[in-house]
Amino acid sequence: MNGWRRLLGRLGAVFGATVVLLVGPGIGSAGAHPLGNFTVNRYTGALVAPDHILLDHVFDFAEIPTAQFGDQTNDLPALATRECDTARHDLAVVVGSQTVILRVLDSKAELGDGQAGLPVLGVQCLLRGDFRTISGHTEINVVDRAAGRQIGWNEMTARSDGTMLLRSDVATDTISARLSSYPKDLLSSPLDQRSASLVVRPGGPAGSLESTVIGPTATAQVSGVNGLTERVAGLLDDPGIGMATLTLVAAVALGAAHALAPGHGKTVMAFYLVDQRRRSWRSAAAVGSTVTLSHTASVLALGLLVTAGSPVFPDTLYPWLKVLSGLLILVLGVTLLRGALRGGTHAHGHGHGHGHGHGHSHDHEHGHGHGHGHSNEHASTAHTTPGRGSVLSLGIAGGLVPSPAALILLLVAVETGRPWFGAVAVLAFGVGMALTLCLVGLMASGLTQRVELLSLRSGRWARTARIGLSYGAASGVCLVGAGLVLRATLTI
């Protein structure tokens, strides 16, 4: 036992040193998309004239959606034409009772550098729709029907050109500089404007669309785990054996650091190993192995979808994967709770008895036998250890939702022509995640064992402590699972 602890302590020191080495000074200059690697962000600026409307429609694709375009990014003009043609059908404009048909006046696409040197894509579309000249107060509605399909920033503005804007539920100026500079205070709760409702009348000064120049490099300063991702990804294209070894060690450290962020199953692992008590080391190893394998499989599967240009949006899969993960955890919690209930209500006794007899007969027969026995019944929490199904459920739940950082490593490796090495790095990332989860769980289990020892010494509190730990661990797992399902369901 002490040997294992010493080994884990040394491994922790190595990982810590690697993190310090890779997340050193200067990491602030690295680029990362401010709203996340999965986002597709949209801006629509409307300019209303007496007889037509101009729409300035802008896309900002983060690293992973950009990767889904694959070889299409080799011909940017054709890509821009396709995206803008799709956008004109997705944008619905109604003036009074008249549905306006949009046409593309201009389209443009550019690539820039995102996180870990991966490309990000910016597309700009200028659309026009003509309608009968308005003569009085007229209601105009603009709806982006594609805005709800993917996670991201959705912004709309409206201006007038030879008309008076009497009422508008959107601003006249963009606060994101047409997706080129997102407000830092809104990154955690991005705008979600999918429609604009206006009332205009003819007459008014001339106006124009916003003239802010947009680039496809909407990046943010990064640090911590994002900075470590940058450094590890930067090592992937070095073919040397020594550098490859360092890369894998760094990937393990990255996975370990990533698992320290909020969530990631640490609480569930802690509760589970608290419930397991004496089998904690074996259970931790089993769960850790399953986490590694399930996370590696999920990242490789998602990476295959992205690089194959699948029309399935990765960000739409995430909430469903989280729901499934939460359900697995909830089932595990119910299993543990049932075991605790059985243990808390079952009384068992132990007793022993023995008897012996002997007889002999001559002219008369006599025999005697005697026996004695005693029994001592007491209530006990007969702890029931969950089987392999529970271990697999916890491991799969912990690795089911793929980490964007691991997917970034895989995509960088594909970009450099070494997808096999990216797969190995993703496996190393999963090992790092599993180590963190196991260490946190084992720390909680060790603390639990100390509490049990103290309660046993006091005697009278032993049974109360055991019952409290069993019920507390099981209830904790149930609450975490239910919370995950609830939060994920709200985002679907």
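Which residue is the bridge partner of Asn 141 in strand 11? In this predicted model, the partner is Ser 197. That pair belongs to a longer contact between two strands: strand 8, residues 138-144, and strand 11, residues 195-202, are joined by six bridges and run antiparallel. As background, the strands of a sheet pair through backbone hydrogen bonds, and the pairing can be parallel or antiparallel.

Strands 8 and 11 are part of an open sheet of five strands, whose order is 5-4-8-11-10, with antiparallel pairing. At its edges are strand 5 (98-100) and strand 10 (163-168), each of which pairs on one side only. Between neighbouring strands of this sheet the average turn is 25°, direction ignored. Helix 3, residues 76-90, packs on this sheet and touches strand 4 (91-95) and strand 8. The direction of helix 3 makes about 45° with that of strand 4.

A second sheet can be traced in a similar way. This open sheet of five strands has the order 6-7-3-2-9, and its pairing is mixed. The edge strands are strand 6 and strand 9 (154-160), each pairing on one side only. From one strand to the next, the twist averages 10°. Helix 3 packs on this sheet too, where it touches strand 3, strand 6 and strand 7. Here the direction of helix 3 makes about 130° with that of strand 6.

The mixed pairing can be followed strand by strand. Strand 2 and strand 9 are parallel and share seven bridges; within strand 9, Glu 155 stands opposite Tyr 43. Strand 6 (residues 102-113) and strand 7 (residues 119-130), by contrast, run antiparallel and are joined by 11 bridges. In this pair, Leu 102 stands opposite Gly 129 of strand 7. Strands 6 and 7 form a hairpin, with five residues between them. In the turn, Ala 116 has a positive phi of about 55°.

The last stop is a pocket. The second largest pocket holds about 380 Å³ of space. Its lining has 19 residues, and the closest to the pocket centre are Phe 61, Phe 69, Glu 83, Gln 150 and Phe 313. Which elements each supply at least two residues of this lining? They are strand 2 (40-48), strand 3 (52-61), helix 2 (63-68) and helix 3. Helix 3 gives the most, with four residues. By type, the lining of this pocket divides into nine nonpolar, six polar and four charged residues. Helix 3 therefore returns in each part of this account: it packs on the sheet with strand 4, packs on the sheet with strand 6, and contributes to the pocket lining.

Note on methods: Residues numbered from 1 in each chain as written. Predicted model: local features only at pLDDT ≥ 70, side-chain atom pairs only at ≥ 80, totals over all residues. Heavy atoms only, no water. Pairing = 2+ DSSP bridges. Axes fitted to C-alpha atoms, helices over the stretch in contact; angles between N-to-C directions. Contact = heavy atoms within 4.5 Å. 1 Å grid on protein atoms, 1.4 Å probe; cavity = no way out; pocket = protein on both sides within 12 Å on 5 of 7 lines; lining within 4 Å. Points joined across faces, edges and corners; volume = space filled by probe spheres on them. Nonpolar A, V, L, I, M, F, W, Y, C, P; charged D, E, K, R; others polar.
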